[in-house]
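Trainee: I have a model open and would like to learn how to read its helices. Could you walk me through it?

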Amino acid sequence: MFLYQHAREFNDSELTRRLTGTAYVFIRFRLSRSPTQQAVNYIWRRRLSLADRRQIKATACAIREIAANHDLISPGEPRLDPGEIDDAGVTDDQIMRAIRIARDRGLSAFDTDRAANTTYPDEVFFERQAYLNLADVGTTTPRRRFDRLSDRAKTPHGDTHLRTMKKVGAADEQTTLDDFADGDQPPDWDRLREAILEPFHEGIGCLLDDVTERGGVRQPVIAAIDVTHWEFYPSPYKDDEDIEWDDEPIIVNGDEKVPKDDFPEMVSGDPDHRRSYKFATLTIVGEDTPIVLAIEPVRETSAWEADVGESTPKTAFVNRLMEQAEQHVDIHKVFADREFDAHGVRDELDRHGVTYLIPKKKYAADWRGIEQIDEHSAVDVAVEREVPLWVDGRKHKTSIIYVPSTEEEEGQYAVFTTNRDLSPDEAIGFTSQYRQRWVIENEYKTIKKHFLPTTASTDYRVRLLYFVLGVVMYNVWRLTNLLLREAVDVDLGDTPPLRAGEVVELIGFCLAPGG
């Protein structure tokens, strides 16, 4: 049972829910009945030694990696009956209506660019892809799983589906002079983003119209920028039997390693730690409905590479994120974490006319010796005002804010930078807003847990498209909750009427027209 839990990365609550909902699961574990959450926790903490727990986690991790490498992960999850969901008076009809409306706001702009007389219409592929994203299964999943949810007479085979999805993510073969503005043709991955993000933004426009109309977004908005990882497990190095006599090894921790020639260019990482595809996003935070407005691929040069390509500068993808988001909303403030502590990023945000708040990577004690620091009379807060910041001949003034640290490793103070001129009194309230940025951390957990499909593909067309569609489904979930709050006309507090896992199950019932 615990191997199952940790291989699938479930917490105690999710494990208990799955065991309770599917009798054959706990029967296969030779349990007489489904254990309660309290029993699960007690057994783990009191009946197993620390060594046992570590061994179980290590073994589960190995199982998870092998299963991911071979596309063997199956949800093992019972289909929910919509009637099981009864929260604050939300009815089945309201749930299904809200999900259908939300679905139509997210996927309608994507196009496979195939001939009109093809066997399957475009809609069936996006219905199926929506199911794959939501059910956490791969494209090779037998069609019968999707057939049970669709009322269509025929549905495509997994291989046909994958080929079609690659068409959606294909870059335009026709180049223009603008593509060579810096003297070089843009890399393939950069051209792919154009093909995939264009329909994404068409859907965002439709979705925001509904969200704004219902009071879910009030402009100007507060936004957060961050980078998330989609883990990639295969090693970048050749096995011993694959090494050829003319391969040139590199030294990794004192050992010779030979990098694979065909290892995916967009996978980032270092030799001994996690490897992943990386994506930057910009999300509405604060008191508004969290909606992901912009997505950017992130390319990093890794330790196993020779001369494959340069890393994406943070200033470049921050600028692109802002340009994408500004198509849709007026942005007032932008929060970012320490990863974006760079003069170029501050300069880029200042040029877009927004207020930024970015923490410093570490506390520099000698800053306290600078003259003209304006200190608060009662609270241990200080602001160094109008500090000039120069980037490429441009200048803007920053404020350096010192507030009491809540984390021991930061030292006595946490230090923030902002282009807003503010007093120590104002700094207290301004820095307290920074916790709103945590919405984006929870967003990433939700997207990766509920809205990304299982795939072993190394084709970046597939990876980028699947991530973008996962973000579309996340936005659909947010809109669905907003519609349901409006439908039941009651105060639901901070808890969404439909959790992400429930939307994952329910949306399958309305993938096809009339479904």
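**Reading a helix and its neighbours**

Mentor: Happily! Keep in mind that this is a predicted model. Let us start with helix length: at 1.5 Å a residue, the twelve residues of α11 should span 16 Å, and the end C-alpha atoms of α11 are 16 Å apart, which agrees.

Trainee: Good check. How do I describe the way two helices pack?

Mentor: Two packed helices are described by the angle between their axes and the distance between the axes. Here, α11 (residues 314-325) packs with α12 (residues 343-351) at an angle of about 20°, and their axes are 9 Å apart.

Trainee: What does that angle say about the relative direction of α11 and α12?

Mentor: Angles under 35 degrees count as roughly parallel, so α11 and α12 are roughly parallel to each other. The crossing of α11 past α12 is right-handed.

Trainee: Which residues of α11 and α12 meet?

Mentor: From α11 come Lys314, Thr315, Val318, Asn319 and Met322; from α12 come Gly344, Val345, Glu348 and Leu349. By type, the residues of this contact are four nonpolar, three polar and two charged.

Trainee: Which residues of α11 are buried?

Mentor: Phe317, Val318, Asn319, Leu321, Met322, Gln324 and Ala325 are. Besides α12, the buried residues of α11 pack against α10 (188-213), β1 (221-231), β5 (276-285), β6 (292-298) and β7 (331-336).

Trainee: How about the chain as a whole?

Mentor: The chain has 16 helices and twelve strands. Of its 515 residues, 50% count as buried. Among contacts with a separation of 6 or more, 66% are between residues 24 or more positions apart.

Trainee: Is Thr16 buried or exposed?

Mentor: Buried means under 20% relative accessible area, so Thr16, with 13%, is buried. Thr16 lies in helix α2 (residues 12-21). Leaving out residues up to four places away in sequence, Thr16 touches Ser34, Pro35, Thr36, Gln37 and Val40.

Trainee: What should I look for in the backbone?

Mentor: Try omega and phi. Gln219 and Pro220 are joined by a cis peptide bond, with omega about 0°, and Pro220 is in the loop between α10 and β1.

Trainee: And where is phi positive in a residue other than glycine?

Mentor: One of the cases is Glu9, with phi near 60°, in the loop between α1 (2-7) and α2. Glu9 counts as exposed, at 56% relative accessibility. Glu386 also has a positive phi, near 55°, but is found in strand β10 (residues 382-391). At 46% relative accessibility, Glu386 counts as partly exposed.

Terms used
Residues numbered from 1 in each chain as written. Predicted model: local features only at pLDDT ≥ 70, side-chain atom pairs only at ≥ 80, totals over all residues. Heavy atoms only, no water. Axes fitted to C-alpha atoms, helices over the stretch in contact; angles between N-to-C directions. Helix = DSSP H or I, 4+ residues; strand = E, 2+ residues; numbered from the N terminus. Parallel < 35°, antiparallel > 145°, perpendicular 65-115°, else oblique. Left-handed = near helix turned anticlockwise from the far one by under 90°. Contact = heavy atoms within 4.5 Å. Nonpolar A, V, L, I, M, F, W, Y, C, P; charged D, E, K, R; others polar. Expected span 1.5 Å × (residues − 1). Buried < 20%, exposed > 50% of the residue type's maximum accessible area, 1.4 Å probe, protein only.
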